[in-house]
Amino acid sequence: MTTAVIIVAAGEGERFGGELPKQYAKLAGKSMLLHSVELFSRLENIDHVIVAINSKHEHIYKALAPSMPEYVFGGARRQDSVYAGLTALAKHNPVKVLTHDAARPLVSPQIITEVVDMLNDFKAVDVANPLQDTIKKNDGGIELLDRSKLYATQTPQGFCYPTLMQLYEKYNDRNATDDISFALWANLNVGLVNGSKHNLKITTPEDHQYAEYLFKMKAL
Ligand code: C5P
């Protein structure tokens with residue numbers, strides 16, 4: 001059964017600042033993107049790795065390592081980058097596909113494997129991290145939300161490949177910040193894997209500092 005992953009790395013990373021785009025910034029001595037690329041590439045339950053990059057960053061991508069995975073140029077929205085990867089994967093005809101943010105270099109093999117395995121029972125699988133803060137909504141007035149029913153979404157999210165292709169074609173005109181949104185629009189039953197606080201998305205320089213700390217702790 002063929003499983004592929006699309007690592008999306010085509011963003012501009014404007015909130016991060018710095019000389020290099022954030023997905024190429026060094027983290028524990030290695031480009032942020034390379035952490036996910038190397039992890040997915042060495043896992044036995046992942047057959048194909050494809051990376052969606054920004055065409056402006058092609059020279060940086062190619063210089064990361066002597067042998068980098070196949071890449072495609074992403075688009076203006078994250079979902080356009082995912083779709084470019086999905087289209088390029090058609091030649092491999094995968095059964096399962098994972099979508100992963102390059103900005104999450106600390107994802108664990110355990111989370112990846114749980115997502116792949118849960119796809120035997122669900123067409124879409126989300127990674128859910130419970131919230132610790134009390135959550136309120138400020139929409140003119142302040143509303144208290146029931147934290148026990150809320151979670152923050154992480155990646156990799158998993159899908160039956162033909163299903164995600166169909167969803168992307170059907171809902172292309174809508175805007176999403178993740179791929180499970182497409183499954184929810186189609187009322188699919190979504191499986192949930194437990195996320196981790198360590199699987200953070202690096203957006204700001206503070207996130208980057210915290211990730212450096214986590215890598216140091218991992219190495220001890
Ligand atoms: O912008 P955001 O933090 O949600 O981006 C999440 C991931 O999606 C990042 O790894 C980023 O590089 C990627 N992305 C992309 N194409 C875009 C926008 C974001 O591949 N047009």
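In the predicted model, Gln-23 is located in the loop that connects S1 to strand S2 (26–27). Gln-23 has a relative accessible area of 4% and is therefore classed as buried, the cut-off being under 20%. The C-alpha atom of Gln-23 lies 5.9 Å from that of Ala-103, although 80 residues separate the two along the chain.

Strand S1, at one end of this loop, belongs to an open sheet of 7 strands. The strand order is S5-S4-S1-S6-S10-S7-S11, and the pairing is mixed. The edges of the sheet are formed by S5 and strand S11 (190–194), each of which pairs on one side only. On average, neighbouring strands of the sheet are turned by 25° against each other, direction being ignored.

Within this sheet, S1 and S4 run parallel and are joined by 6 bridges. Ala-4 is placed opposite His-48 of S4. Strand S4 comprises residues 48–53 and is mostly covered, with 5 of its 6 residues buried. S4 also pairs with strand S5 (residues 70–73), again in the parallel sense, and 4 bridges connect these two strands. In this pairing, Ile-50 has Glu-70 of S5 as its bridge partner. As a general point, side chains in a regular strand alternate between the two faces of the sheet.

Towards the other edge, strand S7 (residues 124–130) is paired with S11. The sense is parallel, and 5 bridges are found between S7 and S11. Asp-126 has Leu-192 in S11 as its bridge partner. S11 is an edge strand, and in the strand order S7 stands between S10 and S11.

The ligand is surrounded by 16 residues, and the closest are Val-8, Ala-10, Gly-11, Gly-75 and Ser-81. By class, this shell consists of 6 nonpolar, 4 polar and 6 charged residues. Three contacts with backbone atoms can be described. A backbone N or O atom of Ala-9 is placed 3.5 Å from an oxygen atom of the ligand. Nitrogen atoms of the ligand take part in the contacts with Gly-75 and Arg-77. For Gly-75, the distance between a backbone N or O atom and a ligand nitrogen atom is 2.8 Å. For Arg-77, a polar backbone atom is 3.4 Å from a nitrogen atom of the ligand. On its own the ligand has 460 Å² of accessible area, of which the protein covers 85%. Two elements, strand S1 (3–9) and helix H3 (78–89), give two or more residues to the shell. S1 thus contributes to the surroundings of the ligand as well as pairing with S4 in the sheet.

Helix H1 spans residues 32–42 and is mostly covered, as 8 of its 11 residues are buried. The buried set contains Met-32, Leu-33, Leu-34, His-35, Ser-36, Val-37, Leu-39 and Phe-40. The C-alpha atom of Phe-40 is 22 Å from that of Tyr-213, and the two residues are 173 positions apart in sequence. Tyr-213 is part of helix H7 (residues 205–219). With a relative accessible area of 45%, Tyr-213 is partly exposed, whereas Phe-40 is among the buried residues of H1.

Several backbone features were also noted. In general, most residues other than glycine have a negative phi, and most peptide bonds are trans. Thr-155 and Pro-156 are joined by a cis peptide bond, with omega at about 15°. Pro-156 is located in strand S10 (residues 151–160), which stands between S6 and S7 in the strand order of the sheet. Positive phi values occur at Asn-93, where phi is near 45°, and at Asn-187, where phi is near 55°. Asn-93 is situated in the loop between H3 and strand S6 (96–101), and Asn-187 in the loop between helix H6 (180–185) and S11. The relative accessible area of Asn-93 is 58%, so this residue is exposed, the cut-off being over 50%. Asn-187 is likewise exposed, because its relative accessible area is 70%.

Note on methods: Residues are numbered from 1 along each chain as its sequence is written. Side-chain values use heavy atoms; hydrogens and water are left out. A residue is near a molecule or strand if one of its heavy atoms lies within 4 Å of it. A polar contact is a pair of N or O atoms within 3.5 Å; within protein, one must be able to donate a hydrogen and the other to accept it, and residues adjacent in sequence count only if both atoms are side-chain atoms. Accessible areas come from the Shrake-Rupley method with a 1.4 Å probe; for residues, only the protein chains shown count as cover. Ala, Val, Leu, Ile, Met, Phe, Trp, Tyr, Cys and Pro count as nonpolar, Asp, Glu, Lys and Arg as charged, and the others, Gly among them, as polar. Buried means under 20% relative accessible area, exposed over 50%, partly exposed in between (1.4 Å probe, protein chains only). Two strands pair if DSSP finds at least two bridges between them. Axes are lines fitted to C-alpha atoms, for helices over the stretch in contact, and angles run from 0 to 180 degrees between N-to-C directions.
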